[in-house]
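Please look over the sequence and the model shown here before reading on. The paragraphs that follow go from charged pairs to single buried residues and then to a pair of strands.

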Amino acid sequence: MSLNTALPQPMNLIAGTWVPPQSGRQMAVVSPLDGEVFAAIADSDAADIDAAVAAARAALEGPWGALSAAERGRLLMRYGAAILDHADELAAIETRDNGKPLAQARADMVMTARYFEYYGGAADKVHGEVIPFQRGYSVHMTREPHGVTGHIVPWNYPAQIYGRSIGAALAMGNACVLKPAEDACLSILRLAEIAAGILPPGALNVVTGRGEVAGKALSEHPGIDFISFTGSPEVGQMIQIAAARNFIGCTLELGGKSPQIVFEDADLDAALPVLANAIIQNGGQTCSAGSRVLIQRPIWDALTARLAERFTAVEASPADGSLLGPLISARQKARVERYIAEAGAPVLAQGKVAADAPAGGFYVAPVLFGPVDPASPIAQEEVFGPVLCAIPFDTEAEAIAIANGTQYGLVASVWTRDGARQARVANAMRCGQVFINGFGAGGGVELPFGGIRKSGHGREKGFEALYEFSTIRTIVNHHG
Ligand code: NAD
């Protein structure tokens, strides 16, 4: 059965074929561009998750589990190439479903392909170890797949996070059951359909539905051996509790309130576009969005004036070349607007919503606030919208304290020409990734990514993700 890209069938992909949800229920899909219903997806429940977990288990015991690492890698690389071949079609689906500008959606597809190229190439390079032990023994350690892995992903970068999560899991030889977010999952369904033409049946299963029903059923399923969750801290906690009840491991990729620290000697021409893009891109709906800019007082006036100019020029619009599209949903728009209304800080600049943006779409003009009290809710909580908090500081120690002064710890950056300060401040950041004179890594497929505290734990990307999706077996041979 073929998936019509304009109006997908409300089906799940289980054991390599499209199957309707057992209850027959479906959910409407709304486009953020105009607020119109344009498709339907399966509103699945525990019965569909059961079927998907059983299909994954059968794949492990069947053709998928029988493949060598090199054969798995070859299939994943072939899948990456197929994604590139379909990049334009996939990007068009993503823009309609998620609202992100077409250029961003296309870049997401190239990055999604990159995950399968990278992990396809890595599949046969995960070595074990030989461990010196007592005389008369030979000991070796191997990395084994967990088995059936559950994956729950959000709506902000559906395709990329799908690739990031299952790319590494499949490369290690796990069989996957993935539950996408109800607000944006059509690109994932099409990606899974392409995968079904390449991977053995059941290696990858995708079941759509509501978080509190299908997502909960997956996280609590006794048949999964590991779970990878990307989403909000609140749901992340529930996932970890469910994993504990099943005695399995989990990775949690949660939110952030990532700071960029700009010292008075920084190259402001280089910093300016990066500071603005880090919060405008994807409407600020990025876990690693640079949502706080800490500015040393001597350059406060100059830098905030230049940032204000940038913010004022941005128009939220559905146009192909737009920097800022709509937010994901009416609910998210209302949430962001509530944060803006209750910020309690001076507005330094505000962009616009384009005159031709459809009235039913979920557009929000970007806002630059400053000076913001670092202890205030707008500077502490994740807004997940195009809202930047500018915070002044005097000393390096004060900047470090403010940067580390939230419950999150995902990404940080330091802008300075002073080499010793670069090293001191980078080493003082309590988070998973630190950039020096830059921010974000254009996807950074190779770079371990993840957080501490309320940003979660475990690492995606790079070889670290392969280790997360594996368990160690040590074989002790007493040969005398
Ligand atoms: P969310 O936690 O509401 O939803 C994420 C996923 O969890 C969705 O698929 C949803 O259906 C599912 N879900 C919801 N309730 C569930 C439940 N009770 N049991 C099981 N699954 C459930 O988050 P969101 O609104 O989709 O995404 C926004 C959040 O995700 C932000 O906080 C953002 O920072 C975070 N995020 C983090 C990263 C990262 O890599 N660290 C990436 C993207 C998004």
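Does Lys-100 count as buried or exposed? In this predicted model, Lys-100 counts as buried because its relative accessibility is 3%, under the 20% limit for that class. Its side chain meets that of Asp-108 in a salt bridge, with 2.6 Å from N to O, and Asp-108 is likewise buried, at a relative accessible area of 0%. Side chains of opposite charge can pair when their charged atoms come close.

The count of salt bridges comes to 21, and some of them join parts of the chain that lie far apart in sequence. Glu-144 forms one with Arg-473, the closest N and O atoms being 3.4 Å apart; because Glu-144 lies in strand E6 (residues 137-145) and Arg-473 in strand E22 (residues 470-478), the pair ties together parts that are 329 residues apart in sequence. Arg-473 counts as partly exposed, at 44% relative accessibility. Asp-267 forms a salt bridge with Arg-417, where the closest N and O atoms are 3.9 Å apart. Asp-267 lies in the loop between strand E12 and helix H10, and Arg-417 in the loop between E19 and H15, so this pair ties together parts that are 150 residues apart in sequence. Of these two residues, Asp-267 counts as partly exposed at 32% relative accessibility, whereas Arg-417 counts as exposed at 56%. In addition, Arg-25, Asp-43, Asp-45 and Arg-210 are linked in a network of salt bridges.

Asp-48, in helix H1 (residues 46-61), is buried, with a relative accessible area of 2%. A polar atom of its side chain lies 2.8 Å from the backbone nitrogen of Gln-22, and the C-alpha atoms of Asp-48 and Gln-22, which are 26 residues apart along the chain, are separated by 6.4 Å. Among the other residues that Asp-48 touches are Asn-12, Ile-14 and Val-207.

An unreviewed UniProt entry lists Glu-253 under "active site". In the model, Glu-253 is found in strand E11 (residues 249-253) and is buried, with a relative accessible area of 2%. Its contacts include Arg-164, Phe-229, Ser-455 and Arg-459.

The last stop is strand E20 (residues 433-436), which has a covered face, Gln-433 and Phe-435, and an uncovered one, Val-434 and Ile-436. In a regular strand the side chains alternate between the two faces of the sheet. Strands E19 and E20 pair in the parallel sense over four bridges, and Ile-436 in E20 is the bridge partner of Val-414. Between these strands the chain crosses through helix H15 (residues 419-428), in a β-α-β crossover that is right-handed.

Technical notes. Residues numbered from 1 in each chain as written. Predicted model: local features only at pLDDT ≥ 70, side-chain atom pairs only at ≥ 80, totals over all residues. Heavy atoms only, no water. Helix = DSSP H or I, 4+ residues; strand = E, 2+ residues; numbered from the N terminus. Buried < 20%, exposed > 50% of the residue type's maximum accessible area, 1.4 Å probe, protein only. Contact = heavy atoms within 4.5 Å. Polar contact = N/O pair within 3.5 Å; in protein donor to acceptor, adjacent residues only side chain to side chain. UniProt positions renumbered as here; feature names shortened; annotations may be inferred. Pairing = 2+ DSSP bridges. Right-handed = clockwise from strand over helix to strand, strands pointing away. Salt bridge = Lys/Arg side-chain N within 4 Å of Asp/Glu carboxyl O. Lists of a residue's contacts leave out its neighbours within four places in sequence.
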